[in-house]
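Student: I would like to go through this model with you and ask, for each label we use, what it rests on.
Tutor: Then let us take the labels one at a time and set each against its criterion.

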Amino acid sequence: MLTASFLGCALLLPALLVVTVQGYAHCASEDFDTGYARTQTALSGVDNYLLTCESIAKSVSPASQVFFPGSPEFKADMRHWVNSSSEVSACSVRPGTAQDLGLILRELGATHTPFAVKCSGHTSNPGFSSTRGVHIQMSRFNDITVHEKEGTGLNVVGGRLNGVGVGGFVVGGGYSWKTNQYGLTVDTVTAFELVLPNGNIKKVTEEDKDLFFALKGGLNNYGIVTKYTLKTHNQTDVWGVAMGFSGDQVEPAYTALANFLSKPKDHKGAQLGTIAYNNGTISFGMVLFYDAPKPPCDLYDDLVKLPNAEQSIIEGSFMKFVTSLPNPPPVERSYLDSVPVLHYTAPVLKSIIDEIKAWGDKLKEHDNTVALAFGLDPFEADIFTHGAPSAFPPDRSYTVLPSSLFFGWTDKSLDQFFYDNMRALNSALTEKVIKHGQDVKNAAHYPNYAVYGTTLEQLYGANVKRLREIKKQFDPFRIMDLTGGFKI
Ligand SMILES: Cc1cc2nc3c(=O)[nH]c(=O)nc-3n(C[C@H](O)[C@H](O)[C@H](O)COP(=O)(O)OP(=O)(O)OC[C@H]3O[C@@H](n4cnc5c(N)ncnc54)[C@H](O)[C@@H]3O)c2cc1C
């Protein structure tokens with residue numbers, strides 16, 4: 001087995017670099033209980049956050065840096081995939097080593113300062129990777145080391161669109177173009193380097209039964225990951241096609257996709273679908289992937305021949321495929337949610353389209369820029385058999401298709417309105433899916449899509465109790481509650 005280590009925020013990087021990390025043992029040896037006692041004089045307010053920033057700036061090594069409002073680095077660090085996920089922090093710190101990050105966490109815990117941990121900022125949940133306190137930007141953890149074998153032609157089970165971060169993506173689960181073959185990204189992790197809430201650094205492997213289980217889906221509740229070691233596999237050139245359908249083309253397209261999905265397939269294939277509402281009209285998008293230079297003769301023929309509004313075939317390297325895919329355009333304000341589905345049958349898809357259209361028309365009355373989308377994540381029935389028990393998914397005995405529900409709008413004063421409507425639409429869609437005979441009442445919502453307010457039981461099912469016990473053990477003072485996210 002080959003592995004590659006990705007420092008906590010690495011994006012798709014072709015270069016192979018070996019990292020040398022300096023040690024700061026004197027910082028890590030501070031008695032945590034003494035540090036925690038200082039929280040009794042908890043600081044509050046922006047001025048005090050600034051004091052914490054200054055203190056961090058003085059104590060970190062030259063590998064790390066603190067940036068203040070007005071600097072280009074600060075501005076870049078505040079940025080998210082959607083503006084509604086951004087907040088203006090007192091300062092931003094870019095730790096350069098795990099040791100410095102440990103020191104920073106100790107300082108934040110001791111002063112009880114709210115903080116954010118941001119990798120590439122793709123969350124649509126406000127406050128999950130943003131804060132008015134101290135912003136930790138993980139962008140300096142960007143090196144990749146390939147173990148055991150030098151060279152190229154290797155890949156890992158990573159994100160499907162260009163730019164999605166490693167940091168949050170992996171600790172939330174990770175659905176990939178390779179999931180049908182290898183499972184979720186968490187199923188391919190062999191080690192995490194974790195800065196624990198008390199500032200100590202720990203390598204977590206399957207020998208650390210509880211923590212290894214908890215980190216695979218448990219998000220930022222157990223500390224901050226500074227290195228992921230992932231299994232690799234050989235990568236050949238790949239084949240893919242991105243297609244768009246509009247008007248009368250929509251129904252034949254989703255019907256053909258549903259028909260295609262109902263049949264057993266080769267696991268090297270993977271697909272994505274999008275039902276989109278814009279300005280009163282519904283369109284449908286489809287991406288078909290095959291993990292070899294050409295798909296088998298008749299695999300995608302029926303789909304590729306469908307009458308379409310646009311079609312682009314992508315052949316070549318995996319990197320070329322991922323970077324050629326249309327990335328959703330940046331939007332001003334947005335929420336994302338997870339709508340678990342068991343099978344995308346044509347009647348289910350028709351019901352979803354009808355609901356999206358009806359809600360889109362209704363919401364357009366309030367903000368005519370509103371955009372709605374339902375993302376289909378078709379995966380094979382055995383994807384959860386690839387991994388050992390993990391925080392997510394809570395039940396590996398059957399496949400749940402995570403399916404994303406997206407809302408985009410521009411008027412900030414309507415944030416709560418759109419949140420309420422998104423929750424209501426999710427319930428309406430779930431009811432429809434149940435009416436079509438799919439038992440999704442207790443199906444897990446995917447943590448990386450779920451909108452804030454989703455309960456822990458919806459994310460982790462029967463795992464909640466165990467996750468809470470592990471939390472008590474590794475974060476007894478609940479330091480990670482100072483940062484946003486679903487709190488265990
Ligand atoms: C355009 C787009 C495409 C997407 N495609 C996919 C896809 O193909 N498959 C899929 O599964 N999901 C996908 N997602 C969802 C994605 O997994 C989540 O948005 C995820 O949160 C992104 O992680 P991030 O690090 O970029 O986000 P951030 O906003 O930086 O962080 C998200 C959360 O993770 C925490 N976090 C970040 N880094 C660390 C770390 N090192 N240690 C501990 N906690 C950390 C943050 O504190 C925060 O709570 C997509 C989202 C978008 C917007």
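**Reasoning from values to labels**

Tutor: In this predicted model, the span of residues 457–476 is 75% helix and 0% strand, and its end C-alpha atoms lie 21 Å apart.

Student: What makes residues 457–476 a span to single out?
Tutor: UniProt, in an unreviewed entry, lists these residues as "domain: Berberine/berberine-like". The same kind of record, also unreviewed, gives residues 153–204 as "domain: FAD linked oxidase N-terminal", and over that stretch the chain is 21% helix and 25% strand, with end C-alpha atoms 27 Å apart. Such annotations may be inferred rather than shown by experiment.

Student: Why is Ile356 called buried?
Tutor: The cut-off for buried is 20 or more other C-beta atoms within 10 Å, and Ile356, which lies in helix H12 (residues 346–364), has 20 such neighbours, so Ile356 counts as buried. Its contacts, leaving aside residues up to four places away in sequence, are Ile275, Tyr277, Ile282, Leu372 and Phe374. For Phe374, 18 residues apart from Ile356 along the chain, the C-alpha separation is 7.9 Å.

Student: Why, then, is Thr369 called partly exposed?
Tutor: Partly exposed covers the counts between 12 or fewer, which is exposed, and 20 or more, which is buried; Thr369 has 14 other C-beta atoms within 10 Å and is therefore partly exposed. Thr369 sits in the loop between H12 and E17, and touches Trp409 and Thr410 when residues up to four places away in sequence are not counted. Asn279 is 90 residues apart from Thr369 in sequence, while the two are 7.3 Å apart in space, C-alpha to C-alpha.

Student: What makes Ser403 stand out in its backbone, and is Ser403 buried or exposed?
Tutor: Most residues other than glycine have a negative phi. Ser403 has a positive phi of about 50 degrees although it is not a glycine, and it lies in the loop between E17 and E18. With 24 other C-beta atoms within 10 Å, Ser403 meets the cut-off of 20 or more and is therefore buried.

Student: What is the phi of Arg478, and how do you know which burial class Arg478 belongs to?
Tutor: Arg478, likewise not a glycine, has a positive phi of about 55 degrees, and its place is in the segment after helix H15 (464–474). Its count is 14 other C-beta atoms within 10 Å, so Arg478 is partly exposed.

Student: How do you know that the bond joining Phe392 and Pro393 is cis?
Tutor: The omega of that peptide bond is about -5 degrees, and the bond is cis. Pro393 is placed in the loop between strand E17 (371–376) and strand E18 (404–409). As a general matter, most peptide bonds are trans.

Student: What makes up the largest nonpolar core?
Tutor: That core has 125 residues, and those with the most contacts inside it are Ile104, Val134, Leu215 and Leu372. Strand E14 (residues 281–290) gives the most to this core, with seven residues, and the core draws at least three residues from each of domain 1 (1–235 + 461–488) and domain 2 (238–454). Leu215 touches Val171, Phe192, Leu194, Val204 and Tyr222, not counting residues up to four places away in sequence.

Student: How is the chain divided, and which residues bring the parts into contact?
Tutor: The protein chain is divided into domain 1 (1–235 + 461–488) and domain 2 (238–454), whose centres, taken over C-alpha atoms, are separated by 28 Å. The contact takes 39 residues from domain 1 and 41 residues from domain 2. On the side of domain 1 that touches domain 2, H6, helix H7 (179–182) and helix H8 (209–215) each supply at least two residues, and H7 gives the most, with four. By class, that side has 17 nonpolar, 19 polar and three charged residues.

Student: What surrounds the ligand?
Tutor: The ligand is surrounded by 34 residues, the closest being Cys119, Arg160, Gly165, Gly167 and Gly168. Strand E4 (115–118), helix H6 (166–172) and strand E10 (224–231) each supply at least two residues of this shell, and H6 gives the most, with five. The shell divides into 14 nonpolar, 18 polar and two charged residues, where glycine is counted among the polar ones.

Key
Residues numbered from 1 in each chain as written. Predicted model: local features only at pLDDT ≥ 70, side-chain atom pairs only at ≥ 80, totals over all residues. Core = buried A, V, L, I, M, F, W, Y, C linked by C-beta atoms within 7 Å. Domains from an automatic or database assignment. Contact = placed C-beta atoms within 7 Å. Near = placed C-beta within 6 Å.
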